[in-house]
Every structure is written in C-alpha cells, then in structure tokens.
Amino acid sequence: QQPVANSIQVAGVDAAHANEYFELFVNATSMKHILGYYRGLVDSLHLRPNVFNQFYPKLRANLTSWRAKALLKKFDSRAAHKCYLKGKVAANTRVLVIGGGPCGMRTAIEAQLLGAKVVVVEKRDRFSRNNVLHLWPFVIEDLRMLGAKKFFGKFCAGAIDHISIRQLQCILLKVALLLGIEVHTELSFENLVEPDPDKKIGWRAAFKPSNHPVSQYEFDVVIGADGKRNTLQGFSRKEFRGKLAIAITANFINKKTEAEACVEEISGVAFIFNQKFFKDLQEATKIDLENIVYYKDDTHYFVMTAKKHSLIQKGVIKQDFSDTERLLAPENVDKEALQNYAIEAANFSTNYQMPNLDFAVNHYGQPDVAMFDFTSMYAAENASKVVERHGCRLLKILVGDSLLEPFWPTGSGCARGFLSALDAAWAIRSWSMGTASPLDTIAERESIYRLLAQTTPDNLNKDWKSYTLDPVTRYPNLNRAVVLPHQVVCLYDTDNPA
Ligand code: FAD
C-alpha cells in the first residue's frame with residue numbers, strides 16, 4: 001500500500017508522505033510490512049538509521065500527527081533519563097546484536113538510547129511464532145513505557161497479562177526502528193573475525209550470506225541474543241537436569257466468535273494444584289498431564305506438560321526409549337496422534353466450548369503443534385567476556401535464553417530476559433564511559449548475573465516505573481562487588497602479555 005497524500009516538499013523532505021508512511025508503519029502486523037513502510041518513512045525524510053542523536057531529532061521534527069506525537073513523547077521521556085547522558089555515554093561504541101528476538105531487541109533499544117551505533121541481525125525472514133508469553137508485571141510496565149499500546153491497542157488490556165511472541169517482536173522492532181537502530185533480516189551470524197592490524201581493521205563478524213555489507217562493519221561490543229542455541233563462541237554452559245518433562249504447545253485459530261469469547265482462560269498457577277481436574281481428564285480421555293495453560297490471544301494457545309506413559313498409551317510416542325532424544329525423535333512421534341492428543345486436551349480443559357478447533361499454522365506452514373523435552377535446561381557460566389587482539393578490545397555479553405534458559409511454567413523467560421537486557425546495557429555504559437577497567441566491567445556484570453536466576457515477581461523492586469538500566473532501580477538487595485576483578489581474570493582473553 002502506498003500513501004496517497006499530495007506531498008508538500010520542504011527542503012527536499014516530504015513530511016506529508018512521511019506522516020502517511022508512519023500511520024501504515026504503526027499499524028503494520030508483519031516484519032515485511034513494518035520494514036517496507038519504515039523504508040518509505042525514512043526515504044521521505046532522507047534519513048538513514050543512525051546513532052540516536054543523529055536520527056531521532058530529525059524524525060521527531062517531521063512527524064506531526066497526534067498519534068506520532070503521543071508516541072514520541074514516550075520515547076522523549078525515556079531518552080531524557082539521566083543514565084543515558086543525553087545519548088552521549090556510548091557515542092563511540094559500535095554494538096552488534098545477534099538475534100531479533102524479544103531480548104535482543106530490548107538490549108538494542110537500551111544501547112541505542114545510550115548513543116551507541118547499534119546493528120541487529122536476525123536470521124529469519126518473518127515473525128511467525130504464535131506461542132503466547134505470560135508477562136511479569138514489570139515487563140508489562142516496561143513495554144507500556146515504550147509505547148506498546150500505541151502499536152497494539154489490545155496490549156495487556158484489563159487483566160490480560162500475555163502476548164504472542166510474534167506480536168511482541170513486532171512492537172519491539174517498531175520501537176527499535178523509530179529510535180534509529182539498523183536492523184538486517186535474513187542475515188545469520190556465523191562467527192567473529194579477529195582484527196587485522198596491517199589493514200587497521202578492528203573486530204568484525206562473518207555472516208550468511210557472506211557478501212553482506214554488515215560483514216565490513218567493525219564492533220566494540222557484541223550481544224549474544226540468538227536464543228538457547230547460542231552461537232556466540234567462548235561461553236561455557238552448565239546444565240540443570242530435572243525429572244523427565246515433556247511439553248506440548250498447540251495453537252488454534254481464534255475465529256473471534258461469541259462462543260470463543262466466552263471461554264475462560266486457564267492460568268497455570270490456578271490449575272497446577274487442581275488434582276481433580278487432572279484425574280477427570282485422565283478418566284475421560286486417558287490423557288495424563290502435570291499442568292496445562294490456556295491463553296486466548298491472537299490464537300488459542302495451549303501449553304501442557306504430558307506424562308510419558310499417556311503419550312505412549314495414546315500412540316503419540318511409538319516406542320519407549322530411556323534416551324529422551326530417541327524418545328522424541330521425529331520418527332518416533334506419530335504427528336496425527338499428537339494433534340489429536342492436543343485437541344482432546346484443549347477440548348476437555350475448555351469444557352468442550354470450542355468444538356471446531358482448527359490448528360493455526362507454524363513457520364513451515366504446518367499445523368502449529370509441537371512436542372519437546374525440557375528435562376534439561378542450560379545456563380551460561382558467565383554473562384560476559386572480553387577478548388583483546390592486537391590492541392582491539394571486544395566486550396561479549398549474553399542475554400535472554402542464550403544466557404539463562406527459562407523453566408517455561410514459571411513464565412520467567414521474558415522477565416529474566418529483559419532484566420539481562422538492561423544489565424547488559426549497564427555493562428555497555430560502563431565499558432563506553434572508559435572510567436572502569438575491562439576487569440571492573442566484567443566483575444560488576446558477573447556480580448549482577450548472580451542475582452538473575454533467583455528473581456521472582458515478588459523479590460524485585462515494586463516501583464516498576466522507576467526501572468532503568470541502573471541495576472539498583474530493580475534489585476533490592478544488590479551487591480555489585482560479589483565478584484571481584486581478580487576473580488574474573490580468566491574472562492579477559494588477551495594477546496597482550498603486559
Ligand atoms: P528467542 O526468542 O529465541 O530469539 C532469538 C532470535 O535469534 C530468533 O529470532 C532467531 O531467529 C534469531 N537467531 C538465532 N540464531 C541466529 C543467528 N545465528 N543469527 C541471527 N539471528 C539468529 N517466557 C515468558 O516470559 N513467559 C512464558 O509464559 C513463556 N512460556 C514459554 C513456553 C514454552 C513452551 C517455551 C519453550 C518458552 C516459553 N517462554 C516463556 C520463554 C520465552 O519464549 C523465551 O524466554 C524468549 O522468547 C527468549 O527471547 P530471546 O530473545 O532470548 O530468544
């Protein structure tokens with residue numbers, strides 16, 4: 001769709017078209033449309049993504065609709081916070097963020113507000129994850145302060161405290177772009193490339209496709225935010241093994257009928273202790289679950305933990321193996337039986353009020369039902385590292401699932417992910433200010449990381465509106481010196497013998 005206004009040309013800038021593109025951009029619901037309308041918007045203003053102070057004031061001066069003003073007022077008040085020092089703290093810092101998931105984008109936004117040159121690379125070509133995330137209260141407040149409701153009117157309306165990953169990614173991508181962050185999609189990070197002193201070239205990265213212009217960029221900080229697989233090298237991980245746990249997620253099309261609107265959601269916390277429900281379910285269907293959650297969102301989203309014996313009994317798992325990888329290998333799973341299992345569980349738990357459940361489609365155009373093992377979860381041993389080669393230093397930080405894989409029933413993924421994003425930005429701030437040594441920066445980052453796995457909605461500071469990247473605003477019992485600089489020497493990998 002193209003804007004239709006008669007354009008008014010002011011000093012080569014087409015503000016009328018820019019404002020029309022802005023409206024289309026704000027309402028866009030796919031990655032492709034968001035990026036397309038954004039291109040129209042910045043082209044009309046002869047702007048290119050850039051550091052905050054070079055980009056945002058020009059954008060702001062040309063967007064005049066009430067809607068734009070209301071949104072930009074929110075950005076203004078965030079950017080005015082003293083911790084960003086008017087977007088000058090990180091003026092000479094170049095940041096690469098690997099992964100455009102919720103936590104990568106959240107980190108990128110903070111780094112941009114600090115004044116860094118921020119580039120996000122995302123390997124996917126679209127946002128297709130229907131799964132719905134339960135959000136902790138501070139995350140809802142954080143997203144509201146970033147204008148989430150202006151992009152998505154239904155954002156956490158009333159008692160709703162969840163959002164689809166897809167929708168969340170759309171919101172954060174829009175915020176990132178309006179602040180001037182450079183975002184490249186269909187670009188996959190491969191590895192870091194060491195500096196070349198002869199050519200006076202600093203740290204770079206290799207990507208797929210390999211001839212992309214971003215492979216020529218140099219960076220001072222790299223953020224690993226590519227989810228639990230974590231492609232950023234150099235971080236060892238520890239494994240937490242629990243008893244066998246098999247989760248099933250299923251998304252059904254929300255046709256938005258009156259009947260569907262009447263069906264009540266099931267919050268995991270309410271149902272986890274309801275033994276009668278699970279007994280009745282088993283008697284009626286032979287489905288044996290440990291828990292089940294249902295959220296009514298863009299889709300009807302169900303997530304449940306199923307017991308192995310019932311999956312075997314219902315023919316979902318063909319053959320029993322003690323090795324979980326073999327147990328859940330695609331060739332050992334009957335897809336149709338899995339779909340039927342999910343439909344039966346969904347129907348029973350919603351009292352058969354949604355009789356015609358049709359699967360929504362996933363990234364691959366298949367019915368959106370998945371079964372996976374979450375017996376083991378991983379956490380990085382450390383949150384940060386510094387590598388120095390030929391006098392060039394690179395700060396590496398992990399955030400989100402790359403740092404700490406969440407236990408999904410507690411809904412902690414985004415919350416701890418956002419906390420780690422703010423903490424990472426705090427480390428970028430300290431790194432950029434140049435007043436702390438690399439060891440001081442790492443030691444502080446590691447001290448704060450020690451708190452992350454213990455965080456709950458109850459033990460964080462309750463004044464969510466006051467949260468900034470300064471950890472003292474979020475963690476009531478913060479001790480920044482639990483880990484001391486001499487204890488993190490092993491995290492400073494340098495070729496400088498001095
Ligand atoms: P991701 O969302 O995994 O994003 C990583 C991004 O990096 C992706 O877009 C990927 O395409 C991209 N990428 C990967 N490799 C590369 C590469 N090499 N180069 C470039 N890009 C790359 N959390 C909650 O808060 N509440 C819940 O209720 C909840 N429920 C859950 C239920 C289930 C069943 C599961 C599995 C998880 C749940 N979570 C929940 C966890 C939540 O989904 C994650 O914590 C959250 O998505 C993590 O965000 P992230 O940005 O760290 O990583």
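The backbone nitrogen of Asp288 lies 3.2 Å from a polar atom of the Ser310 side chain. Ser310 belongs to helix 12, which covers residues 308-313. Its relative accessibility is 0%, so Ser310 counts as buried. These values, like the others in this report, were computed from a predicted model.

**The ligand and its shell**

The ligand is surrounded by 33 residues. The closest of them are Cys103, Glu122, His134, Asp401 and Cys414. Sorted by class, the shell has 15 nonpolar residues, twelve polar ones and six charged ones.

Several elements each supply at least two residues of this shell. Among them are strand 4 (117-122), strand 5 (132-134), helix 8 (165-179) and strand 8 (188-193). Strand 14 (299-306), helix 15 (400-403) and helix 16 (413-433) are also on that list. Helix 5 (102-113) is another such element, and helix 5 gives the most to the shell, with three residues.

The shell also draws on two domains. Domain 1 is made of residues 81-236 and 380-494, and domain 2 of residues 243-374. At least three residues of the shell come from each of these domains.

The table lists three polar contacts between the protein and the ligand.

| Residue | Protein atom | Ligand atom | Distance |
|---|---|---|---|
| Lys123 | polar backbone atom | nitrogen | 3.2 Å |
| Phe189 | backbone N or O atom | nitrogen | 2.9 Å |
| Asp401 | polar side-chain atom | oxygen | 2.7 Å |

Taken alone, the ligand exposes 1000 Å², and the protein buries 90% of that area. Asp401, whose side chain takes part in a contact in the table, is also one of the closest residues to the ligand.

**Cysteines**

How many disulfides does a search of the whole structure find? The search finds zero. Cys83 serves as an example: the closest cysteine sulfur to its own is that of Cys103, and a bond is ruled out because the two sulfurs are 19 Å apart. A disulfide would need the two sulfur atoms to be within 2.5 Å. Cys103 is also among the residues closest to the ligand.

Are Cys83 and Cys490 buried or exposed? Cys83 has a relative accessibility of 6%, so Cys83 counts as buried. Cys490 has a relative accessibility of 63% and therefore counts as exposed. The cut-offs behind these words are under 20% for buried and over 50% for exposed.

**Helix 4 and Arg78**

Arg78 is located in helix 4, residues 66-79. With a relative accessibility of 9%, Arg78 counts as buried. Arg78 and Ala306 are 228 residues apart along the chain, and their C-alpha atoms are separated by 43 Å.

**Backbone details in loops**

Three loops hold backbone features that can be picked out in the model.

The peptide bond that joins Lys208 and Pro209 is cis, with omega about -5 degrees. Pro209 sits in the loop between strand 9 (204-208) and strand 10 (221-224).

His46 is not a glycine, yet its phi is positive, near 50 degrees. This residue is placed in the loop between helix 2 (31-44) and helix 3 (52-62). His46 has a relative accessible area of 60%, so His46 is exposed.

Leu85 is likewise not a glycine and has a positive phi, of about 45 degrees. The loop that holds Leu85 runs between helix 4 and strand 3 (94-98). At 45% relative accessibility, Leu85 counts as partly exposed.

Notes:
Residues are numbered from 1 along each chain as its sequence is written. This is a predicted model: local features need pLDDT of at least 70, side-chain atom pairs count only at pLDDT 80 or more; totals for chains, interfaces and linings use all residues. Side-chain values use heavy atoms; hydrogens and water are left out. A residue is near a molecule or strand if one of its heavy atoms lies within 4 Å of it. A polar contact is a pair of N or O atoms within 3.5 Å; within protein, one must be able to donate a hydrogen and the other to accept it, and residues adjacent in sequence count only if both atoms are side-chain atoms. Accessible areas come from the Shrake-Rupley method with a 1.4 Å probe; for residues, only the protein chains shown count as cover. Helices (H or I, at least four residues) and strands (E, at least two) are DSSP runs, numbered from the N terminus. Ala, Val, Leu, Ile, Met, Phe, Trp, Tyr, Cys and Pro count as nonpolar, Asp, Glu, Lys and Arg as charged, and the others, Gly among them, as polar. Domain bounds come from an automatic or database domain assignment. Buried means under 20% relative accessible area, exposed over 50%, partly exposed in between (1.4 Å probe, protein chains only).
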